[in-house]
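Q: Take me on a close look at one thing here: the empty space in the model. Which residues line it, and where do they come from?

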Amino acid sequence: MSDTRAKSQKTVFCLTYHEITADARVLKEARALQAAGHNVHIFCDWPGGSPQEEVIDGIQITRFNWQSCENITEKLLERFSFMERTSAQVEQRVLPYVESAIQLNSLKTWLKTFLTDEAVQKLDPMYYKNFGGDERRARKLVHKRLLWKTRLGLGFGKGPKNLKSFMLMARKVRENFFKLYQLESLIYAENLCHLKFDDTPDVIHAHDIYCLPAGVVLAKQFGAKLVYDAHEYEPARATKNPTDGSNFAENLEDDCLPFVDYMITVSSSIADLYAKRFKDSPTLILNAPEIDVDYIDGRNKQELDQLSIRAQAKVADGAPLIIFTGGIQTSHRGLDKVLEALVHLPEVKLASMGPRHLRNDKWFMSVAHDLGVDDRVTLLPPVAAPDVPIAISTADVAVIPIQDASLSYRFAMPNKLFEAAFAGLPICVSDLPDMRRFTESLGLGRAMDETDPQSIAEAIRDVLDHPERFTLSVDNRRKLWETYSWPAQAKKLAALYEGI
């Protein structure tokens, strides 16, 4: 390695509260930094079923149970003295959790005099509640058997009473945890700081508000630079916060932003909002799929045919097919409006490809059944993120009906938008500024009133009847790759880190 390369190489701690294989943005940014010559170490959730330590594409992965209460003591708040604007709310919402966590930890210590650590873990209902299907049923059976075995084994007297107290306190801790909303970030930070760090970071890269306080704590501890990567406009994330931004999330960010050295976000409008509060304009890293111009080369016909959503959904060539990518959600995504639009498009079929969630899928198909369109709807499992453009390219049009539920939704530039663009699909998007500007500037789609099924149907009909109007020109195809592709985003990310 040259002296110049050695000086520019940095050790980067990337923080995310998701399990890393479920967070395409974090992983592709980490790959880009690794490719730029940096030493990247990701710290992420450990939901079970994965190794605690792993190397993926040369990137060190450390998983940890960031929701654990085992490290929680009355000293929790000592790390967060910098949180002045939110101090009253922190004490009001965190202290009840801390008190119940301390009691639960005491009961766990008592139980461990009779049981192994593994058995105590299986007694907690979260042992099975984080899972679904056959795995959930098998784990629940183990939990129930161990619970009865423990009750019998402990005999009478104070044993069963303390076991009951343990179960009740475990429930109370979980209830208090879910009341924390955005203050889970303190629990994340506390559990992260109890890990052993083999490297000394030069940069802490905190993804989302949930990792931001941890980023401040580690940056202060190691004298590192702090990068805040806001995947949404956090003060108006969906409808959990008021759209005017005057809320706890904004105060939490304002407590942390003085310690942030560089900022990244996902759309021009969100960057403008943060520029008013941060000391500089954030770097814009768009959610483009991690592909290059040769992403289809090297795939044989059999692989391409297997990925095709038209083949998976068993839709004949020539039959109109629209695609929605991403998981089904019951609110703010407008999917019920798309189903209503199908009533006006009797020959059109719809496929949804993405993570499958039983409850949401059941709701979606129930709505489809009530409208009489369920026989034209197919739910498909997800594919690897770089394969999405290939998989959906056999559809006729992509639909993105995100509702104007908050500033974060209004200014969204979601993965599915870029996946459709790089698949070469015409796109019908919500009449929201950033998405409308993107599709219209490239001539690859049109806006629709996302609240009106009739408008959605008219937009889809227009695209299906006039595909030539929404086909990328040579110049716009070049613009798409030069401006919006992942190599273009990776170049901006590398330049940011070169300047740190």
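A: Helices here are DSSP runs of H or I with at least four residues, strands are runs of E with at least two, and both are numbered from the N terminus. Bear in mind that this is a predicted model, where local features need pLDDT of at least 70, side-chain atom pairs count only at pLDDT 80 or more, and totals for chains, interfaces and linings use all residues. Residues are numbered from 1 along each chain as its sequence is written, and side-chain values use heavy atoms, leaving out hydrogens and water.

Start with the second largest pocket (an open set of points on a 1 Å grid over the protein atoms alone, with protein on both sides within 12 Å along at least five of seven lines). There's about 250 Å³ of space in it, counted as what probe spheres set on the points fill, with points joined across faces, edges and corners. Its lining (residues with an atom within 4 Å of a point) runs to 14 residues, and Pro125, His143, Leu147, Met167 and Arg171 sit nearest the centre. Helix 5 (126–129), helix 6 (133–154) and helix 7 (158–178) each chip in at least two, with helix 7 giving the most, seven residues. By class, that lining has seven nonpolar, one polar and six charged residues, where Ala, Val, Leu, Ile, Met, Phe, Trp, Tyr, Cys and Pro are nonpolar, Asp, Glu, Lys and Arg charged, and the others, Gly among them, polar.

As for cavities (points where a 1.4 Å probe fits but can't get out), the structure holds one of 30 Å³ or more. Strand 9, strand 12 and helix 18 (415–422) each supply at least two residues of the largest cavity's lining, which includes Phe324, Val399 and Lys416.
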